[in-house]
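Subject: A structure for you to explore

Hi there,

Here is the structure I promised to pass on to you. Have a look at it first, and then read my notes alongside it.

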Amino acid sequence: MPELPEVEYASRVVRKAVVGRTVRNVRVLHRSQRRGLPPRDAARMRGAVITGVERRGKHQLLALSTGDTFVVHFRMTGDWLVDESGSPPPRFARVVLELDDGMRVSLVDPRALSTATLHRAGMETLPVLGPDAADPGVTVKVFGDSLARRRVSIKVALLDQRVLAGVGNIYAAEALWLARIDPRAVASSLTKARQRRLLEAIRAVLEKAQESTGRYRENGVGRFEVYDRESLPCSRCGTQIDRIVQGARSTYFCPWCQRR
Ligand SMILES: [Zn+2]
C-alpha cells in the first residue's frame, strides 16, 4: 500500500521521465479508468507538454502546458512503470502515456483501484488535505490543535488526510508503536508531550522509510516493527504483537509498550 514515502519515490521516478516531454498519445486500457479519464480527456492531453510533477499527500499532480493537471492516486497497488514504447503494454497497465522521446509511462495496477483524472485549468478538485506529513514546518501546535478537535481514536485520526496528508495504515501503526501510544486512545485526549512524541515518531518512520524505499521496492519486502506482525514478538519487550480492527482497517500494536 503506497503511502507518502512510496508515493514520493514514485513521483521522482515519473518526474525524471516526463518533465519537458510532449504527450504523443494516451491509452486507457481498463474500463475502471475510462470513467475517470474518458476519451475526450485523453484527447485533451495529446500534444501537451508536461511541465512539472508535484506530490500532495498521496496524490501525484502532472502539470500540463494547457493549464490542465493530470492527477493520479495509486490507492492499494498502483505504481509507475517506465519503458520504451513499441512493445505490448506491460502487464496490468491501466493508463499509458506515450512520450515524444520514444518512452512511455504506464500506470500499472493489479487491482485496478488507482484513479487517474484530468483536472481542467482552474478547477481545484482535490479533497481537502492537511499539511504534508513530510513538511518540517508543521508544528506541535498545528498538529495538536487538529487532534484536539477529533474525538475518534488516535489511529483513525492519523488516517484522516485532513490531519496530516500522506500518512496511511502502515506508518500510522509504526509511528504509534515508536511513540508508545495506545492506538485506541482518543485523539483529543493526547497530552502535549504525547502529541510532540507522536509528531516526532511520524517524521522518524517516514524518514526511515524514505531512505529505504528504493531498496524496499527492489526486494519487495518491508521491515516493520508492528505492521503485519501479528503474534510475533515486539522488538522492544518481547510481547506478542496484537491486531485489532479500527475504522475497518487492521491496527497492529504492542499491548505492553502501547498500554494506556
Ligand atoms: Zn513491546
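Below is what I found, going from the sheets to the cores and then to the metal site.

Before you start, please keep in mind that this is a predicted model.

**Two sheets and a shared helix**

Let's begin with the strands. One open sheet has four strands in the order E2-E3-E4-E8, and their pairing is antiparallel. At its edges are E2 (50–56) and E8 (115–119), each of which pairs on one side only. On average, neighbouring strands here are turned by 20 degrees against each other, direction ignored. If you want to trace one pairing by eye, try E2 and E3 (residues 59–64): six bridges join these antiparallel strands. One pair to look for is Ile50 with its bridge partner Leu64 in E3. Helix H1 (residues 4–18) packs on this sheet, where it touches E2 and E3, and its direction makes about 175 degrees with that of E2.

The other open sheet also has four strands, in the order E1-E6-E7-E5, again with antiparallel pairing. E1 (23–28) and E5 (79–84) are its edge strands, each pairing on one side only. For neighbouring strands of this sheet, the average turn is 20 degrees, direction ignored. Inside it, E6 (residues 93–99) and E7 (residues 103–108) pair in the antiparallel sense over five bridges, and Ala93 stands opposite Val108 in E7. H1 packs on this sheet too, touching E5, E6 and E7, with its direction at about 30 degrees to that of E5.

Now zoom in on Ser11, which lies in H1. Is Ser11 buried or exposed? Its relative accessible area is 0%, so Ser11 counts as buried. Leaving aside neighbours within four places in sequence, Ser11 is in contact with Val53, Arg55 and Gln60.

**The cores and an enclosed helix**

In soluble globular proteins, nonpolar side chains tend to be buried together. The largest nonpolar core in this model has 39 residues, and those touching the most other members are Phe143, Leu147, Ile154, Leu158, Leu164, Leu198 and Ile202. Helices H4 (140–148), H5 (154–159), H6 and H7 (192–219) each give two or more residues to this core. Take Leu158 as a starting point: apart from neighbours within four places in sequence, Leu158 is in contact with Phe143, Val167, Ala172, Leu176, Leu198 and Ile202. There is also a second, separate core of 26 residues, which includes Val23, Val28, Leu62 and Val105.

H6 (residues 169–178) deserves a look of its own. Nine of its 10 residues are buried, so H6 is largely enclosed by the rest of the structure. Among the buried ones are Tyr171, Glu174 and Trp177. Just after H6, Arg180 takes a positive phi of about 55 degrees.

**The zinc site**

Which residues coordinate the zinc ion? They are Cys234, Cys237, Cys254 and Cys257, each through its SG atom, at 2.2 to 2.4 Å. In sequence, these donor residues follow the spacing C-x2-C-x16-C-x2-C. Cys254 and Cys257 are both buried.

Why is the arrangement called tetrahedral? The four donor atoms subtend angles of 100 to 112 degrees around the zinc ion, and that makes it tetrahedral. For comparison, the ideal angle for four tetrahedral donors is 109.5 degrees.

Enjoy exploring!

Best wishes

Notes:
Residues numbered from 1 in each chain as written. Predicted model: local features only at pLDDT ≥ 70, side-chain atom pairs only at ≥ 80, totals over all residues. Heavy atoms only, no water. Donors = N, O, S within 2.8 Å, 3.2 Å for Na, K, Ca; no water. Tetrahedral: all angles 85-135°; square planar, octahedral: opposite > 155°, others 65-115°. Buried < 20%, exposed > 50% of the residue type's maximum accessible area, 1.4 Å probe, protein only. Pairing = 2+ DSSP bridges. Axes fitted to C-alpha atoms, helices over the stretch in contact; angles between N-to-C directions. Contact = heavy atoms within 4.5 Å. Core = buried A, V, L, I, M, F, W, Y, C linked by side-chain atoms within 4.5 Å.
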